[in-house]
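The following exercises are to be worked with the sequence and the coordinates at hand. Each task is followed by a solution in steps.

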Amino acid sequence: MERIENNINNVVNNIRNACLKAGRNPDEVKLIAVTKTIDVDTINCALKTGITDIGENKVQEIIVKYDKIQYKPKWHLIGHLQTNKVKYIIDKVDLIHSLDSLRLAKEINKRAKRIERVMDVLIQINIADDEDKFGIGYDELDDFIKDMSEFENIRVQGLMTIVPYVKNSEEVRPYFREMKGIFDSLKNSNYNNINMNYLSMGMTNDYTVAVEEGSNMVRIGTGIFGQRDYSKK
Ligand SMILES: *Cc1c(COP(=O)(O)O)cnc(C)c1O
């Protein structure tokens, strides 16, 4: 409990310092605690200390944990979403960070319409053209945005990216900068349903650099909960 509280304070401080360094207001940056593989009691501890937003990367984990989580946090789906699983989370999550195909958008729109909600989503960009990562390529983005503006039950709220894991986070600074450039230019476009409110980038390894470059949503797992133990399940 105390360890988690310390870790959270630490992360919040680092975000604050990165903001000050970049001349930004620290209140602009939303901290999402990434709770994948973390048990419900531990998550509830984190929520007790003031975390308001949690991120999961698997539909199955959201379903298992959903009713046991207290304090009514906002739920973020941050991992790749399979089309056939949209129906399980459409009434549960507040923001889908991983919209990465037209097919997925169609399904989200259909399911959202059925329950009369408008689903907030971020478009995942594969900024490093990483073969192992999901996301829309920069060269496909314009067409994709135009397609998205047609969906009545989807509201694009911004962009998300996962950059390659590197030892020295300075190496990924150019990707974050490029993302901020795309974000800003889209902000000035005026397509229907396309808003640029959130730029979700930065994980434990690289969030201070991401914040310095303009991220306003960081997704932190290890930095709050420690190393994940994938063997437990
Ligand atoms: C696991 C995960 C994170 C958090 O990673 P850490 O390095 O533990 O902070 C962030 N974003 C996504 C999409 C993830 O899957």
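UniProt positions are given in the numbering used here, feature names are shortened, and annotations may be inferred rather than shown by experiment. The model is predicted.

**Exercise 1. The annotated domain**

Task: State where UniProt places the feature "domain: Alanine racemase N-terminal", and describe the span by its end points and its helix and strand content.

Solution.
Step 1. The unreviewed UniProt entry puts this domain at residues 9–228.
Step 2. Between the C-alpha atoms at the two ends of residues 9–228 the distance is 19 Å.
Step 3. Helix makes up 36% of the span and strand 20%.

**Exercise 2. Lys36 and the ligand**

Task: Determine whether Lys36 is buried or exposed, and list the residues that surround the ligand.

Solution.
Step 1. Lys36 belongs to the loop between β1 and α2. The unreviewed UniProt entry lists Lys36 for "modified residue: N6-(pyridoxal phosphate)lysine".
Step 2. The relative accessible area of Lys36 is 16%. Buried means under 20%, so Lys36 is buried.
Step 3. Beyond residues up to four places away in sequence, Lys36 touches Gly55, Glu56, Asn57, Glu61, Lys65, Arg228 and Tyr230.
Step 4. Around the ligand stand Val34, Lys36, Ile78, Ile162, Met203, Thr204, Arg219, Ile220, Gly221, Thr222 and Arg228.
Step 5. Polar distances to oxygen atoms of the ligand follow. An N or O atom in the side chain of Lys36 is 2.7 Å from a ligand oxygen. For a polar side-chain atom of Thr204 the distance is 2.4 Å, and for an N or O atom in the side chain of Thr222 it is 2.5 Å.
Step 6. On its own the ligand has 390 Å² of accessible area, of which the protein covers 90%.

**Exercise 3. Polar side chains from Thr52 to His97**

Task: Follow the side-chain polar contacts of Asp53 and His76, and give the setting of both residues.

Solution.
Step 1. Asp53 is part of strand β2, residues 53–56, and His76 is part of strand β3, residues 74–77.
Step 2. Asp53 has a relative accessible area of 3% and is buried; His76, at 3%, is buried as well.
Step 3. The side chain of Asp53 makes a polar contact of 2.5 Å with that of Thr52 and one of 2.6 Å with that of His76.
Step 4. The side chain of His76 in turn makes a polar contact of 2.8 Å with that of His97.
Step 5. With neighbours within four places in sequence left aside, Asp53 is in contact with Lys30, Leu31, Ile32, Ala33, Lys74 and His76. On the same terms, the contacts of His76 include Ile32, Leu95 and Met217.

**Exercise 4. Asn216**

Task: Identify which backbone atoms the side chain of Asn216 reaches.

Solution.
Step 1. Asn216 sits in the loop between α8 (207–212) and β8 (217–220), where Asn216 is buried at 12% relative accessible area.
Step 2. A polar atom of the Asn216 side chain lies 2.9 Å from the backbone oxygen of Asn197. The side chain also reaches the backbone nitrogen of Leu199 at 2.7 Å.
Step 3. Apart from neighbours within four places in sequence, Asn216 is in contact with Arg24, Glu28, Val29, Lys30, Asn197, Tyr198 and Leu199.

**Exercise 5. The nonpolar cores**

Task: Describe the largest nonpolar core and the surroundings of Ile123.

Solution.
Step 1. The largest nonpolar core has 66 residues, and Ile108, Ile123, Leu159 and Ile224 have the most contacts inside it.
Step 2. Helix α1 (residues 2–22) gives the most to this core, with 6 residues.
Step 3. Apart from this core lies another of 5 residues, among them Ile32, Leu95, Leu122 and Met160.
Step 4. The contacts of Ile123 outside its neighbours within four places in sequence include His97, Leu99, Phe144, Leu159 and Met160.

**Exercise 6. Positive phi outside glycine**

Task: Compare the settings of Thr37 and Asp129, and decide how exposed each residue is.

Solution.
Step 1. Thr37 is not a glycine, yet its phi is positive, about 70°. Asp129, likewise not a glycine, has a positive phi of about 50°.
Step 2. Thr37 is placed in the loop between β1 (30–34) and α2 (40–48), and Asp129 in the loop between β5 (119–125) and α6 (141–148).
Step 3. With a relative accessible area of 23%, Thr37 is partly exposed. Asp129 counts as exposed at 63%.

Conventions
Residues numbered from 1 in each chain as written. Predicted model: local features only at pLDDT ≥ 70, side-chain atom pairs only at ≥ 80, totals over all residues. Heavy atoms only, no water. Core = buried A, V, L, I, M, F, W, Y, C linked by side-chain atoms within 4.5 Å. Buried < 20%, exposed > 50% of the residue type's maximum accessible area, 1.4 Å probe, protein only. Helix = DSSP H or I, 4+ residues; strand = E, 2+ residues; numbered from the N terminus. Contact = heavy atoms within 4.5 Å. Near = heavy atom within 4 Å. Polar contact = N/O pair within 3.5 Å; in protein donor to acceptor, adjacent residues only side chain to side chain. Areas by Shrake-Rupley, 256 points an atom, 1.4 Å probe, with all protein chains shown as cover.
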